[in-house]
Amino acid sequence: MAKTPNKLKARLPRGFVDRSAADIRATDEMIGKIREVYEHYGFDPVETPLFEYTDCLGKFLPDTDRPNAGVFSVQDDDEQWMSLRYDLTAPLARHVAENINEIQLPYRTYRAGYVFRNEKPGPGRFRQFMQFDADSIGAPGVQADAEMCMMFADTLDALGLKGQYIIRVNNRKVLDGVMEAIGLGGDENAETRLTVLRAIDKLDKFGTEGVKLLLGEGRKDESGDFTKGAGLNADQIEKVLFFVSITSYAESAEALAELVAGSENGRSGVAELNDIRALVESAGYGEDRIKIDPSVVRGLEYYTGPVYEAELTFDVTNEKGEKVVFGSVGGGGRYDGLIKRFTGRDVPATGFSIGVSRLMTALKNLGKLSSSSEVQEPVLVTVMDGDIEALGRYQKMTQTLRAAGIRAEMYQGNWKKFGNQLKYADRRNCPLAIIQGSDERAAGEIQIKDLIEGKRLSGEITDNVTWRESRPAQHSVKEAELVATVRQLLDQQAEDTRRQNGDN
RNA sequence: GCAGACGUAGCUCAGUUGGUUAGAGCGUCGGAUUGUGGCUCCGAAGGUCGGUGGUUCGAAUCCACUCGUCUGUACCA
């Protein structure tokens, strides 16, 4: 056969994935659990579209009229730039601003959805991924931030991660205070501040020594590539390192207060941290769940006050069994200025985002995701005769099972190869096959084949003739008993599976 | 973006200093078995050696560029 010279190559864009049935079901289950917690806390859903005008996302580059390279952008008919959303917070701010007169503040809301980032993909890093956010709009006090941290913790509990995570809380104002304290205040030092913050953010990756290098001259990585540092002097580095290495906030609070003493920002930030600590403490959340940690740096742009992120405290391994630095599975903070960009009036807000895709990877590693085996594959009604009348009977049998709440399908492939029908059922992990040929029909009977039990028996049978003729794990029942017997066999299989899982 | 490693059948990989017609295992499909999954046996399909250009009598092999994957790093609003 002549080959088509230029066959179209089927290929997935890099950084994107197709999702399997098992993945989709696992995600749905996770989202369900998260939603339950949010609803329980009195939050309501809202949905915004995947596209927004680029200016509403705040993603235009300062000097040119082109969007930031990190967002996927297209131009509309009227040449206006539109972008795929890169998070769920900016679109929410737009929605709230646009409907500010109708929305009753404080507005407690949640939403899940895909976001897109045009960045280099890697293992566990995609260009499309799902986030599940919750936000409190119009709530100025730190009690709103404290509540967010508690809800975050409760959500992770609900996902089965009790005792295996920690919510770390910091405050942008404290970071600013420290910067001022080491003489990096003012607009002229904005770039250096950014470099310092980024260096602090690398603490879990490179450790104290690596951060020290990044704060000073710079650091060389394994491939020999050199990263320029912030160029701080020894005294400045020491203060920053002291700050980020605070492990017990309770013990170091005074020293911290002293460090930021000259800064109004710093003072107020420390006060807010103290308040949050007191609030969550009295609500019953100890330091093992919500902890003040001055090394938390995130969302360098729009966060204005408390920031928080969730970190898993167990080791995550990849498919190759190697330990990987997992980082955070979600985080958030206060963004008091974001909505004001649209409305011109102060609308304080705080919220957080859970990285659903990332968290799912972690849960998979923990075995906390129910395996796909819990989903019941359909019962297969096999086809022995292909004439319209016979097909009608098989179709009716299938509908009878469905009407009884049993997942069922009739074989739709080439019915003439009966062996293929069972092979199909086997590969599809069907629990049962329903068989009625002319012999059974004449007797008013139906054969029900237990494919799981049959598979088990196959180990004991070595020769094919016996295997075929013994028709293992096959039950012959009267037509009227079809539904009852199927249900009984399915229940029995489910019971066996449960017992097996229990034993292991 | 920068640096490095790697691209051979659907998958995992062999392929000698550059040398005839590029192989294996697994998987797929067909048959043994027209009404019974698994096992076994027999057979078949499947490749522009990632792509383009160059060196050479001759390239999967050497060189350049390009695309893709992986690792590190930067960026991540």
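**Salt bridges and nonpolar cores in a predicted model**

In this predicted model, the side chains of Glu 311 and Arg 168 meet in a salt bridge, with 2.9 Å from N to O, where a salt bridge is a side-chain nitrogen of Lys or Arg within 4 Å of a carboxyl oxygen of Asp or Glu. Glu 311 lies in strand 11 and Arg 168 in strand 7, so the pair ties together parts that are 143 residues apart in sequence; helices (H or I, at least four residues) and strands (E, at least two) are DSSP runs, numbered from the N terminus. Residues are numbered from 1 along each chain as its sequence is written, and chains are lettered from A and ligands numbered from 1 in the order in which they are written. Local features need pLDDT of at least 70 and side-chain atom pairs count only at pLDDT 80 or more, whereas totals for chains, interfaces and linings use all residues, and side-chain values use heavy atoms, with hydrogens and water left out.

**Salt bridges around Arg 168**

- Arg 168 is buried at 11% relative accessibility, while Glu 311 is partly exposed at 25%; buried means under 20% relative accessible area, exposed over 50%, and partly exposed in between (1.4 Å probe, protein chains only).
- Arg 168 also forms a salt bridge with Asp 293, whose closest N and O atoms are 2.9 Å apart.
- Because Asp 293 lies in the loop between strand 10 (290-292) and strand 11 (306-312), and Arg 168 in strand 7 (residues 165-171), this pair ties together parts that are 125 residues apart in sequence.
- Asp 293 is itself buried, with a relative accessible area of 12%.

**A salt bridge within helix 8, and the wider set**

- Asp 235 and Lys 239 meet through their side chains in a salt bridge of 3.8 Å, N to O, and, being four residues apart in helix 8 (residues 234-244), they are separated by about one helical turn.
- Both residues are partly exposed, Asp 235 with a relative accessible area of 45% and Lys 239 at 31%.
- Elsewhere, salt bridges that share partners join Arg 168, Asp 293, Arg 298, Glu 309 and Glu 311 into one network.
- A search of the whole structure finds 30 salt bridges.

**Nonpolar cores**

- The largest nonpolar core (a set of buried Ala, Val, Leu, Ile, Met, Phe, Trp, Tyr and Cys residues joined through side-chain atoms within 4.5 Å) has 73 residues, of which Tyr 38 and Ile 167 touch the most other members.
- Helix 4 (residues 142-161) supplies the largest share of this core, eleven residues.
- Another core, of 26 residues, lies apart from it and has among its members Leu 401, Ala 408, Ala 433 and Val 486.
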